[in-house]
Amino acid sequence: MDCCKRLLTELARPEEDRDGVVPVALWSSALLAYARCFGESSRSGLAVEDVQNLHLQGAVMSFHKWVIEERDKLTEPPADPFEAARIGAALTPAGQKERRVEGIAVFSTSRVLIDVTGVRQLGGLASELAKQTAGKAQKQQDSVLSDAQHLDIDSLYSSPPLHAQRPSAGDMP
C-alpha cells in the first residue's frame, strides 16, 4: 500500500520532473510485496479465497491474477534474450529520390506497465486484504489472550521476558 501511495505521488509530478527509475522501482516493489503475501510459504496465510471473499466490485480476480503474472514476468528472465530490445532502421524520408538506410535506432522495451488506474487498484486491493487480515488477526489474538489468562500466573512471572527487538550479537549467548 505504501509503495502505491508513493507511486501515485510520483506519477502526479510532470514527467520531465521525475526520475524514470523511481516509478519502475516502486511499481516493481509493490508487485513483489503483494504477490509475496500469496506464496506457498507465506506466513500471512493469504489465499485466492481471501481475494474472492472481498466485497469489491469489478473484475477483482482477473486483476489479482494479472498482478501475479506481472510479478512473474518481472522476476523471470525473458525466454528470448532479444525480447528486451527492438532495432529499427532509420530511413531517408519517403519523398526523397534516393531511398536508403541512414542508420539504426535501438529501443529498449520495458516489461513494466505503470498507470495511475492500476496503481490505485493494486493499492485498494492491498488495503482491503489488510483490513481482512487484521480482522483474522484480532480473532487469533483474542484466542491467545484467553489461553494466556488460563495459565499459571506465577510461572508467567518467572519466565524470561520477551524482547521487542532482536538482541545484538554481543547480547547473544
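**Warm-up.** Is Glu128 buried, exposed or partly exposed?

*Solution.* Start with the classes: buried is under 20% relative accessible area, exposed is over 50%, and partly exposed lies in between (1.4 Å probe, protein chains only). Glu128 has a relative accessible area of 27%, so Glu128 is partly exposed.

A word on the input: this is a predicted model, where local features need pLDDT of at least 70, side-chain atom pairs count only at pLDDT 80 or more, and totals for chains, interfaces and linings use all residues. Residues are numbered from 1 along each chain as its sequence is written, and side-chain values use heavy atoms, with hydrogens and water left out.

**Exercise 1.** Work out the order of the elements along the chain.

*Solution.* Take helices (H or I, at least four residues) and strands (E, at least two) as DSSP runs, numbered from the N terminus. That gives 6 helices and 2 strands. Read from the N terminus, the order is α-α-α-α-β-β-α-α. As for burial, 19% of the 173 residues count as buried.

**Exercise 2.** Find the salt-bridge partner of Glu128 and say how the two sit in their helix.

*Solution.* The rule asks for a side-chain nitrogen of Lys or Arg within 4 Å of a carboxyl oxygen of Asp or Glu. Glu128 passes with Lys131, their closest N and O atoms being 3.3 Å apart. Both belong to helix H5, and because they are 3 residues apart, about one helical turn separates them. Lys131 is exposed, at a relative accessible area of 52%.

Elsewhere, salt bridges with shared partners tie Arg6, Glu10 and Arg13 into one network. Zoom in on one link: the side chains of Glu10 and Arg13 meet at 3.3 Å, N to O. Glu10 is buried at 1% relative accessibility, whereas Arg13 is partly exposed at 36%. The full count by this rule is 8 salt bridges.

**Exercise 3.** Describe the salt bridge between Lys136 and Asp50, in distance and in sequence.

*Solution.* First, the distance: the two side chains meet at 2.4 Å, N to O. Next, the sequence: the pair links distant parts of the chain, with Lys136 in helix H5 and Asp50 in helix H3 (residues 48–52), 86 residues apart. Last, the burial: Lys136 is partly exposed at 43% relative accessibility, while Asp50 is buried at 7%.

**Exercise 4.** Characterise the lining of the largest pocket by element and by class.

*Solution.* A pocket here is an open set of points on a 1 Å grid over the protein atoms alone, with protein on both sides within 12 Å along at least five of seven lines; lining residues have an atom within 4 Å of a point. The largest one holds about 220 Å³ of space. Its lining has 14 residues, with Met1, Ala33, Tyr34, Cys37 and Ala126 nearest the centre. Helices H1 (2–12), H2 (21–36) and H5 (116–149) each supply at least two of the lining residues, and H5 gives the most, with 5. By class, the lining splits into 12 nonpolar, 2 polar and no charged residues.

**Exercise 5.** Which residues make the nonpolar surface patch of about 460 Å²?

*Solution.* Patch members need over 30% relative accessible area and no salt bridge, and nonpolar side chains (Val, Leu, Ile, Met, Phe, Trp, Tyr) are joined within 5 Å. The patch consists of Leu151, Ile153, Leu156 and Tyr157. Tyr157 sits in helix H6 (residues 153–158) and is exposed, with a relative accessible area of 72%.

Note on methods: Patch = residues over 30% accessible without salt bridge, like charges linked within 9 Å, V, L, I, M, F, W, Y side chains within 5 Å. Areas by Shrake-Rupley, 256 points an atom, 1.4 Å probe, with all protein chains shown as cover. 1 Å grid on protein atoms, 1.4 Å probe; cavity = no way out; pocket = protein on both sides within 12 Å on 5 of 7 lines; lining within 4 Å. Points joined across faces, edges and corners; volume = space filled by probe spheres on them. Nonpolar A, V, L, I, M, F, W, Y, C, P; charged D, E, K, R; others polar.
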